[in-house]
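Grab a coffee and open the viewer. Here are a few exercises to work through with the structure in front of you.

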Amino acid sequence: MSEKVFIYGDEFGTSHLDISVQGNISHFIYASLIIQEKDINEAYKVRQHLSDKYFSGGKLKSNSRGMKDKNFDKRLEILRYITENLDFKINTIVADKSLIKSKGLEFKEVFYKYFQSMLVHNIITEYERFEVYAHRVISDEFAKDMYTYLDNKLNTNTLFSSYKMVDDKDEALVQLSDIIVGSLGRVFTNSHYHSRSNEIMDIIHLKMNTPTFFPYKINNHLKSGIPDFNVDNDINKMVINDVIKYIEDDNNNKIKKDLLKYLLFMNKVSPFKMNEIYEIVSKINFLHSNNITKDNVRSMIKDLRYDGILIISASGKSGYKLACNETDVVNYFSHYFKYVEPMLAKIEVADKKIKESKGSEYSLLNNPKFSLLKHLMTIYNKY
């Protein structure tokens, strides 16, 4: 039987869909920390250490005065301590409120029920034994209503004993989720996006399962609304469309699809970051435990390129990323041309040597099997 997991969830943002109102947050984010039963005691130690060191022995709160963006380095220190001292996973739901058109989700109660059902559905699909501690919203009466709703919606019949809506003072580990989701708010939202968000992801992204984006549309992966003048939306959209088409094809390899999901995720949160191959290996093994090697990843990327996915590896830099602008595409072409040009030069030298011994009219390139190569050599010699 699989080991029991404990799941602690908290949200960033509100249910208000009208983001034109000043102060309303552009996205709703729900993050849950998934901790194995064997690591629970360590989790409490981590939480207590952070409380004593950074919060004067009080609650961990991402929106506290000491965690404002002017104290961004403090946030990074806390995230680094959590990731280095605790084994856990992060499940994330990211809802772009500007894309939500459902009238039903305009109601606060319906909104929270909808995303809690999405959370719990993901949990019961993946885990056999679990306890969920979700941050309480609205009221105690709403919490009771939530239990009934989820049991009926998901047809679990036994969820009541495994799911609780709690205050973070009653279940302290929810405070760790508060720190994580508040940090992700600096990554995913337009309204609270932080220019150093890539530093957050550098610390926590290996702990993250691929986020669930809602609604799942192409625009969710474009950085619209976030100042980034180097992203070419036409190229970025083309590449992302190709990736999503590959991911949605049931006939394609699951590990390759998860590799692409990871690159797609990083394209959203940090489109210019070259993702080190060891990071990619670690992420895939985190998901599959298949002992994937660096050579396996390189081979998969080679296959994906043959399938038309523009995955960039830049000269002088290590790692891979999805192309997001013209410079990326130029680098992609240059990467291969640096191999093609010397090969053509070697063929030209060899062809001249043969002509010296056989006569100037003789050329192996006249052989029909080399017609494409002869055409390439003709073009090459023009330049």
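The exercises below go from a ring pair to a helix, a serine and the nonpolar cores.

Before you start: this is a predicted model, where local features need pLDDT of at least 70, side-chain atom pairs count only at pLDDT 80 or more, and totals for chains, interfaces and linings use all residues. Residues are numbered from 1 along each chain as its sequence is written, and side-chain values use heavy atoms, with hydrogens and water left out.

**Exercise 1.** Work out what kind of ring pair Tyr114 and Phe115 form.

*Solution.*
- Step 1: recall the cut-offs. Rings of Phe, Tyr and Trp (its six-membered ring) pair if their centres lie within 6.5 Å; planes under 30 degrees apart are stacked, over 60 edge-to-face, the rest tilted.
- Step 2: check the geometry. The centres are 5.2 Å apart and the planes stand at 80°, so this pair is edge-to-face.
- Step 3: check exposure, where buried means under 20% relative accessible area, exposed over 50% and partly exposed in between (1.4 Å probe, protein chains only). Tyr114 comes out partly exposed at 32%, while Phe115 is buried at 2%.
- Step 4: zoom out. Both rings belong to a cluster linked by ring pairs, along with Phe28, Phe111, Tyr112 and Phe214.

**Exercise 2.** Test whether the length of helix α3 (residues 108-126) fits its residue count.

*Solution.*
- Step 1: helices are DSSP runs (H or I, at least four residues), numbered from the N terminus.
- Step 2: the expected span is 1.5 Å times one less than the number of residues. For the 19 residues of α3 that gives 27 Å, and the end C-alpha atoms are 28 Å apart, which agrees.
- Step 3: look at what α3 hides. Its buried residues include Phe111, Met118, Leu119 and Ile123.

**Exercise 3.** Find what surrounds Ser183 in helix α5 (residues 174-188).

*Solution.*
- Step 1: Ser183 is buried, with a relative accessible area of 0%.
- Step 2: a polar atom of its side chain lies 2.8 Å from the backbone oxygen of Ile179.
- Step 3: leaving out residues up to four places away in sequence, Ser183 touches (heavy atoms within 4.5 Å) Ser62, Arg75, Leu79 and Ile200.

**Exercise 4.** Which helix gives the most residues to the largest nonpolar core?

*Solution.*
- Step 1: such a core is a set of buried Ala, Val, Leu, Ile, Met, Phe, Trp, Tyr and Cys residues joined through side-chain atoms within 4.5 Å.
- Step 2: the largest has 76 residues, and Phe188 and Leu259 are among those touching the most other members.
- Step 3: helix α8 (residues 254-269) gives the most to this core, with 9 residues.

Technical notes
Helix = DSSP H or I, 4+ residues; strand = E, 2+ residues; numbered from the N terminus. Polar contact = N/O pair within 3.5 Å; in protein donor to acceptor, adjacent residues only side chain to side chain.
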